[in-house]
Amino acid sequence: MKELFRERDFTRVAYFRGVLENLGIATIIRNEYLTCSGLAEIPIPEFFPALCVMDDTDYERAVVIIREHLQSQKSSLVDEEKPCAACGEMNPENFETCWSCGHLFEGS
Ligand SMILES: [Zn+2]
């Protein structure tokens, strides 16, 4: 099992889970129950819902799929993007943590 990204917005995590499952990649969401209990209101990244691939060999493919989806969303919504200070990956402006490495963005 390998973590893809974590994000406080559970609907976004669930969205990408659906995308990957549709393409035959088995995933699991960690901390899902914490969201249900309301603990996700606490802005601590460790408690954010985290999307993981069940099989590590699916990881690279899943990253590519997520990146392509983010890019297509960007072109359709013309969202602002910001680079991650830790790994340099571009993230949608409304992401609170880097989808690639989990780095927590300051402020917003
Ligand atoms: Zn990053």
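This is a short talk on how one protein chain is folded, going from its overall layout to its sheet, one of its helices and its core.

Good morning, everyone. Before I begin, please keep in mind that what you see above is a predicted model.

Let me start with the whole chain. The protein chain contains three helices and five strands, and if you follow it along the sequence, these elements come in the pattern β-α-β-α-β-α-β-β. Of the 108 residues in the protein chain, 19% are buried. If we take the contacts in the protein chain that have a separation of 6 or more, 52% of them are between residues 24 or more positions apart.

Now to the sheet. In what order do the three strands of the open sheet lie? The order is β1-β3-β2, and the pairing is antiparallel. The edge strands are β1, residues 2-6, and β2, residues 27-30, and each of these pairs on one side only. From one strand to the next, the twist averages 30°. As general background for those of you who are new to this, strands of a sheet pair through backbone hydrogen bonds, and they may do so in a parallel or an antiparallel way.

We can look at the two pairings one after the other. Strand β1 is joined by four bridges to β3, residues 50-53, and these two strands run antiparallel. Within this pairing, Arg6 stands opposite Ala50 in β3, while Phe5 has Leu51 of β3 as its bridge partner. On the β2 side there are also four bridges, which join β2 to β3, again antiparallel, and here Thr27 is the residue that stands opposite Val53 in β3.

One residue of β1 deserves a moment, and that is Lys2, which lies in this strand. Is Lys2 buried, exposed or partly exposed? Lys2 counts as partly exposed because it has 14 C-beta neighbours inside 10 Å, and the partly exposed class lies between the buried class, which needs 20 or more, and the exposed class, which has 12 or fewer. Leaving aside residues up to four places away in sequence, Lys2 touches Cys52, Val53, Asp56 and Tyr59. The C-alpha atoms of Lys2 and Thr27 are 9.3 Å apart in space, although these residues are 25 residues apart in sequence.

Next comes helix α1, residues 10-22, which packs on the sheet, where it touches β2 and β3, and whose direction makes about 165° with that of β2. The length of α1 can be checked, because at 1.5 Å a residue its 13 residues should span 18 Å, and its end C-alpha atoms are indeed 18 Å apart, which agrees. Which residues of α1 are buried? They are Val13, Phe16 and Leu20. Seen down the axis of α1, the buried residues fall within an arc of 70°, so they line one face of the helix. A general point helps here: an α-helix has 3.6 residues a turn, so residues three or four places apart point the same way. On the face of α1 turned away from the buried side we find the exposed residues Thr11, Gly18, Glu21 and Asn22. Just after α1, Gly24 takes a positive phi of about 85°.

Phe10 also lies in helix α1, but Phe10 counts as partly exposed, because it has 17 C-beta neighbours inside 10 Å. Phe10 and Leu51 are 41 residues apart in sequence, and their C-alpha atoms are 9.7 Å apart in space.

That brings me to the core. In the largest nonpolar core, which has 13 residues, the members that touch the most other members are Leu4, Phe5, Phe16, Leu51, Ala62 and Trp99. At least two residues of this core come from each of β1, α1 and β3. In general, nonpolar side chains in soluble globular proteins tend to be buried together. If we do not count residues up to four places away in sequence, Trp99 touches Phe5, Glu7, Ile66 and Asn91.

Finally, a word on helix α3, residues 59-77, where Arg67 is found. Arg67 is partly exposed, because 14 other C-beta atoms lie within 10 Å. Between the C-alpha atoms of Arg67 and Ser100, which are 33 residues apart along the chain, the separation is 9.1 Å.

Thank you for listening.

Definitions and conventions: Residues are numbered from 1 along each chain as its sequence is written. This is a predicted model: local features need pLDDT of at least 70, side-chain atom pairs count only at pLDDT 80 or more; totals for chains, interfaces and linings use all residues. Two strands pair if DSSP finds at least two bridges between them. Axes are lines fitted to C-alpha atoms, for helices over the stretch in contact, and angles run from 0 to 180 degrees between N-to-C directions. Two residues are in contact if their C-beta atoms, placed from the backbone, lie within 7 Å. A nonpolar core is a set of buried Ala, Val, Leu, Ile, Met, Phe, Trp, Tyr and Cys residues joined through C-beta atoms within 7 Å. The expected span of a helix is 1.5 Å times one less than its number of residues. The arc is that of the directions from the helix axis to the C-beta atoms.
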